[in-house]
Amino acid sequence: MPLYEYECFLCGHRFERIRSVADASSVNCPKCEGKVRRLLGAPALQFKGSGWYVTDYGKGNGGRSTALAKTETKDPASTSGDTTSKPAKKPTDTS
C-alpha cells in the first residue's frame, strides 16, 4: 500500500498515512479535524530484474561511471606543490 502525505487547510499540519489506492474514505487532520489535501511527492523508483546492475544506481559520483572516475584521479607529481610547468616537447621532423 502506498504512503500518502497530507496537509491541513486550517492549521497547516503535515502528516503521512498508509492507505489503499482504492480507499475512497476522507481523511481529516489529526490535530484539528480540519479538511486536508493530498500532496504530491516523488516516488521511490528502483529497477529490478536482469539487465539492471547495482552500479546503475546513483552513488554520488555525479552520474559518472566508476571506471571514468578512476581515470580522472590526479597524478601524484602534480599535487606535490611543484607549480612550475614542464616545457612542451618540440615535434621532430621525420622527412
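**Contacts, strands and cysteines in a predicted model**

Leaving aside residues up to four places away in sequence, Glu7 touches Gly12, His13, Arg14, Lys35, Val36, Arg37 and Leu39. These contacts belong to a predicted model, and Glu7 itself lies in strand 1. The side chain of Glu7 makes a polar contact of 2.7 Å with the side chain of Arg37. With a relative accessibility of 16%, Glu7 counts as buried, because the limit for that class is under 20%.

It helps to set this residue within the overall fold. The chain contains one helix and three strands, and their order along the sequence is β-β-β-α. Of its 95 residues, 12% count as buried. The area exposed by the chain is about 8,800 Å², and carbon and sulfur atoms supply 54% of that area. Among contacts between residues at least 6 apart in sequence, 30% join residues at least 24 apart.

Strand 1 takes part in two pairings. With strand 2, the sense is antiparallel and there are five bridges; strand 1 covers residues 3-8 and strand 2 covers residues 14-18. Within this pairing, Leu3 has Ile18 as its bridge partner in strand 2, and Tyr6 stands opposite Phe15. Strand 1 also pairs with strand 3 in the antiparallel sense, here over four bridges. Strand 3 spans residues 36-39, and its residue Leu39 stands opposite Glu5.

Strands 1 and 2 form a hairpin, with five residues between them. Gly12 lies in the loop that joins these two strands and has a positive phi of about 80°. At a relative accessible area of 39%, Gly12 is partly exposed. The C-alpha atom of Gly12 is separated by 9.2 Å from that of Cys29, a residue 17 places away along the chain. Gly12 is also one of the residues that Glu7 touches.

A second positive phi is worth a look alongside that of the glycine. Most residues other than glycine have a negative phi. Glu33 is not a glycine, yet its phi is positive, at about 65°. Glu33 is found in the loop between strand 2 and strand 3. A relative accessibility of 54% places Glu33 in the exposed class, since that class begins over 50%.

The Tyr6 and Phe15 positions, already met as opposite residues in the hairpin, also bring two rings together. The chain has one aromatic pair under the rule applied. In this pair, Tyr6 and Phe15 are stacked, with 5.6 Å from centre to centre and 25° between the planes. The label "stacked" follows because the planes are under 30 degrees apart. Both members are buried: Tyr6 has a relative accessibility of 6%, and Phe15 has one of 7%.

Tyr6 is in turn among the residues touched by Arg19. This arginine sits in the loop between strand 2 and strand 3, and with 9% relative accessibility it counts as buried. Its side chain makes a polar contact of 3.0 Å with the side chain of Asp23. Beyond four places in sequence, Arg19 touches Met1, Pro2, Tyr4 and Tyr6, and also Ala24, Ser25, Ser26 and Val27. Polar contacts between side chains are thus described here for two buried residues, Glu7 with Arg37 and Arg19 with Asp23.

The cysteines complete the picture. A disulfide is a covalent bond between the sulfur atoms of two cysteines. The structure holds zero disulfides. For Cys8, which is in no disulfide, the nearest cysteine sulfur is that of Cys32, at 3.5 Å. Cys8 is buried, with a relative accessible area of 4%. The sulfur of Cys11 lies 3.7 Å from its closest cysteine sulfur, in Cys29, which is too far for a bond. The reason is the cut-off, because a disulfide needs two cysteine sulfur atoms within 2.5 Å. Cys11 is partly exposed, with a relative accessible area of 41%, whereas Cys8 is buried.

Terms used. Residues are numbered from 1 along each chain as its sequence is written. This is a predicted model: local features need pLDDT of at least 70, side-chain atom pairs count only at pLDDT 80 or more; totals for chains, interfaces and linings use all residues. Side-chain values use heavy atoms; hydrogens and water are left out. Rings of Phe, Tyr and Trp (its six-membered ring) pair if their centres lie within 6.5 Å; planes under 30 degrees apart count as stacked, over 60 as edge-to-face and the rest as tilted. Buried means under 20% relative accessible area, exposed over 50%, partly exposed in between (1.4 Å probe, protein chains only). Two strands pair if DSSP finds at least two bridges between them. A polar contact is a pair of N or O atoms within 3.5 Å; within protein, one must be able to donate a hydrogen and the other to accept it, and residues adjacent in sequence count only if both atoms are side-chain atoms. Contact means heavy atoms within 4.5 Å. Accessible areas come from the Shrake-Rupley method with a 1.4 Å probe; for residues, only the protein chains shown count as cover.
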